[in-house]
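This report follows a single protein model from its metal site through its aromatic contacts to selected positions in its loops and strands. The sequence and the structure come first, and the reading follows.

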Amino acid sequence: MMMSWRNLFTAGLVFVTVWMLGLLSGCASPAPKMASVANGVKRVDLGSVTITMVSDGHGSRALDANFVRNAPLAEVQTALREAGLPEDRLTIPYAVLLADIGSQRVLFDTGNGEFGAATAGKVLENMAKTGIDPASVTAVVISHFHGDHINGLRNKGGALVFPKAKIYVPTTEWNWWMDDARMAAAPEAMKNAFAATRRVFAPIALAVARFEPGAYVLPGVRSIPAFGHTPGHTAFAIEGGSRKVMFWADNTNIAALFVRHPDWSAVFDMDADAARATRRKLAEMAINSDMLVAGYHLPGAAIGTLSRRDSGYEFAPLEK
Ligand SMILES: [Zn+2]
């Protein structure tokens, strides 16, 4: 039977509409607005998911030729200058992510706690400003075992800072750092890092839940293997809200350097080649899936949008 002109016209309209929707979904959605709840605390309402970025302050260090291992110092200074940053000193911001997903309150990484520089360890102070009770955190999910991410889990007195939270860590990361033979054989420069993992985890080893990177950690929290920065470094996709969020932890250090130049290697990356490949993999995944990106060392609100620029990427923090 032949299609009537009317049916043909309707079919055409449907086709054009579907095609346009396809085009639209290929574009980045407009950035959601962010509420500044207090100095150091920023919140994004994504419907059934609410993300609160809590600053843990910052660290700073002199810029030396070793900070970016595979780029001339002059090029690194140019990148800093172009971003309006000082060329001789680096300020490295710290921020943890708190996600309210239904009745779960999930904290991603814990900050420096009582073990960092005087300018760091601000998570509890910032939470207190906005009435967030550490005892209301139901889960702590750890990206990797560097001290600025795990030290906030336990205070100097030994008490757990988020007393009611179940703790989740990537199996790969756990197996690497908690290997006593590896610790004994580690170079002097790594002894402190190993000591931190024992201080934090040894007394609670049996209670720590381990997950395979790639698995769902909790409903709405999918882990993504992101090895390189450390052997088991893991990123997370937070799902269920009006926009997915990727918490990529230390996939990039200073954004002006490593988001813009993803092939540059930070001195902290334990496997430079793997870290480089992971940086691009996660950036492409976030852009192609229209995810917001949050990171422990990202500037401003530490959550924002990512786009391609030149041979690298650009991060734009969410604003009010
Ligand atoms: Zn870090």
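## The zinc site

The site of the zinc ion is irregular, with angles of 89 to 174° among its four donor atoms. The model is a predicted one, and the geometry given here is to be read in that light. The site does not count as tetrahedral because that class requires all angles to lie between 85 and 135 degrees, whereas the angles here run up to 174°. The protein donors are Asp148 (OD), His149 (NE2), Asp250 (OD) and His297 (NE2), and they lie 2.1 to 2.4 Å from the zinc ion. Along the sequence, these donor residues follow the spacing D-H-x100-D-x46-H.

Asp148 belongs to helix α4, while Asp250 lies in the loop between β12 (245-247) and α8 (255-258), so the two aspartates tie together parts of the chain that are 102 residues apart in sequence. Asp148 counts as buried because its relative accessibility is 16%, under the 20% limit that defines the class. Asp250 likewise counts as buried, at 5% relative accessibility.

## Aromatic pairs and a ring cluster

The structure holds 12 aromatic pairs. One of them is formed by Phe67 and Phe268, whose rings are edge-to-face, with 5.7 Å from centre to centre and 80° between the planes. This pair links distant parts of the chain, for Phe67 is in the loop between β3 (49-62) and α2 (73-82), and Phe268 is in the loop between α8 and α9 (272-288), 201 residues apart. The two partners are not alike in their exposure: Phe67 is buried, with a relative accessible area of 0%, whereas Phe268 counts as partly exposed at 28% relative accessibility.

Ring pairs also link Phe108, Phe211, Phe236 and Phe247 into a cluster. Within this cluster, Phe236 is found in strand β11 (residues 234-238), and Phe236 is buried, with a relative accessible area of 0%. The C-alpha atoms of Phe236 and Thr50 are 15 Å apart in space, and the two residues are 186 residues apart in sequence.

## Charges over a ring, and helix α7

The ring of Phe115 has the charged end of Arg199 sitting over it, 3.6 Å from the ring centre. The charged end of Lys156 also sits over the ring of Phe115, in this case 5.8 Å from its centre.

Helix α7 (residues 191-201) has as its buried residues Phe194, Ala196, Thr197, Arg198, Val200 and Phe201. These buried residues of α7 pack against α4 (147-150), β7 (166-170), α5 (171-177) and α6 (180-185). Helix α4, one of these packing partners, is also the helix in which the zinc donor Asp148 lies.

## Positive phi in two loops

Most residues other than glycine have a negative phi. Asp290, by contrast, has a positive phi near 55°, and the residue is found in the loop between α9 and β13 (292-294). Asp290 counts as buried at 18% relative accessibility, and a polar contact of 2.3 Å joins the side chains of Asp290 and Ser29.

Ala302 also has a positive phi, near 70°, and its place is in the loop between β13 and β14 (303-309). Ala302 is buried, with a relative accessible area of 1%.

## Surroundings of Gln104 and Met270

Gln104 is found in strand β5 (residues 104-108) and counts as buried, at 16% relative accessibility. Leaving aside neighbours within four places in sequence, Gln104 is in contact with Ala99, Thr138, Leu218 and Pro219.

Met270 has its place in the loop between α8 and α9, the loop that also holds Phe268. Met270 counts as partly exposed, at 33% relative accessibility. With neighbours within four places in sequence again set aside, Met270 is in contact with His146, Trp176, Trp177, Met190, Gly228, His229, Thr230 and Pro231. For one of these partners, Thr230, the C-alpha to C-alpha distance from Met270 is 5.4 Å, while the two are 40 residues apart in sequence.

Methods:
Residues are numbered from 1 along each chain as its sequence is written. Side-chain values use heavy atoms; hydrogens and water are left out. Helices (H or I, at least four residues) and strands (E, at least two) are DSSP runs, numbered from the N terminus. Buried means under 20% relative accessible area, exposed over 50%, partly exposed in between (1.4 Å probe, protein chains only). Contact means heavy atoms within 4.5 Å. Donors are N, O and S atoms within 2.8 Å of the metal (3.2 Å for Na, K and Ca); water is not among the atoms, so sites may look incomplete. Four donors count as tetrahedral if all angles lie between 85 and 135 degrees; four count as square planar and six as octahedral if opposite donors are over 155 degrees apart and all others between 65 and 115; anything else is irregular. Rings of Phe, Tyr and Trp (its six-membered ring) pair if their centres lie within 6.5 Å; planes under 30 degrees apart count as stacked, over 60 as edge-to-face and the rest as tilted. A charge sits over a ring if NZ of Lys or CZ of Arg is within 6 Å of the ring centre and within 35 degrees of the ring normal. A polar contact is a pair of N or O atoms within 3.5 Å; within protein, one must be able to donate a hydrogen and the other to accept it, and residues adjacent in sequence count only if both atoms are side-chain atoms.
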